[in-house]
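Me: I'm new to this one and would like a close look at a single part of it. Could you take me through the salt bridges, with a bit of background on the chain they sit in?

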Amino acid sequence: LKAIIFTSSNAIKYLDTKLIDKKIICFCVGSSTEKKALSIGFQNVISAEGNVGNLKELILQNFNPSTGKLLYVSGEIISSELDKDLSTKGYKVERIITYSVKPIENLDLKFVEKLKLNMPNIVYVYSQNSALSFLKLIKNHKLSDFWMDTNLMCISEKVSSVLNEIKWKKIFIFSPGEEEFLLYKI
């Protein structure tokens, strides 16, 4: 094992790292994942600043396939098959799953009634999977017509496209770390 790839801070959180050399190269998808890796003692951390496409490029530029095996640590649901993409480029990649996510299927009815009376100004959505779960909740609770004064903030076009059928005040696409700067545009 010559390097580790982390695509979320949760992937690190649920990994038993006691026996892993903390000097190994760690490729992280973004700054929060990088911070988590550093906080548990990894010393050689490289961050792609927020998306899997950038992470893949970072690995291609900084890690020679002949150097050895990569360990890809992720959640069960992934937005991109990074391990397969790297394998087609000659990399030896082993993927391990450290966590899975079970979406909330229903909301408390008292909460739904309070929500209808005081809808949020902003909703942030960070993954396609979250967008799909959110859309399902909206439909299950017949909340589709309540978002016209809410700004939708999505981490990518792919994520926002899931929620396009809902009428929003405005939809913003942001890069990780830019969330607070969008507040000034509202």
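Reply: Here's a quick look at the whole chain, followed by the salt bridges and a short stop at two cysteines.

Keep in mind that what you're looking at is a predicted model. The protein chain has eight helices and eight strands, and its C-alpha atoms fill a box of roughly 55 × 30 × 30 Å along the principal axes. Of its 186 residues, 39% are buried. About 11,100 Å² of the chain is exposed, with carbon and sulfur atoms supplying 50% of that area.

Now for the charges. The chain carries 25 positive and 20 negative side chains, and the centres of those two sets are 3 Å apart. Searching the whole structure turns up five salt bridges, so let's walk through some of them, counting a pair when a side-chain nitrogen of Lys or Arg is within 4 Å of a carboxyl oxygen of Asp or Glu.

Start with Asp-16 and Lys-18, whose side chains meet at 3.1 Å, N to O. Asp-16 is exposed, at 52% relative accessible area, and Lys-18 is exposed too, at 69%.

Next come Lys-116 and Glu-113, paired at 3.5 Å, N to O. Both belong to helix H5 (residues 109-117), and because they are three residues apart there, about one helical turn separates them. Lys-116 is partly exposed at 28% relative accessibility, and Glu-113 is partly exposed as well, at 46%.

Then there's Glu-165 with Lys-139, where the N to O distance is 2.9 Å. Glu-165 sits in the loop between helix H7 (157-162) and strand S8 (170-173), while Lys-139 is in helix H6 (residues 128-140), so this salt bridge ties together parts that are 26 residues apart in sequence. Glu-165 counts as exposed, with a relative accessible area of 51%, and Lys-139 as partly exposed, with 43%.

What about covalent links between side chains? A disulfide is a covalent bond between the sulfur atoms of two cysteines. The count here is zero disulfides. Take Cys-26: its closest cysteine sulfur, in Cys-28, is 5.8 Å away, so that gap is too far for a bond. In contrast to the charged residues above, Cys-26 is buried, with a relative accessible area of 0%, and Cys-28 is buried at 0% too.

Terms used:
Residues are numbered from 1 along each chain as its sequence is written. This is a predicted model: local features need pLDDT of at least 70, side-chain atom pairs count only at pLDDT 80 or more; totals for chains, interfaces and linings use all residues. Side-chain values use heavy atoms; hydrogens and water are left out. Helices (H or I, at least four residues) and strands (E, at least two) are DSSP runs, numbered from the N terminus. Buried means under 20% relative accessible area, exposed over 50%, partly exposed in between (1.4 Å probe, protein chains only). Accessible areas come from the Shrake-Rupley method with a 1.4 Å probe; for residues, only the protein chains shown count as cover. Lys and Arg count as positive and Asp and Glu as negative; His and the chain ends are not counted. The place of a charge is taken as NZ of Lys, CZ of Arg, CG of Asp or CD of Glu. A disulfide is a pair of cysteine sulfur atoms within 2.5 Å.
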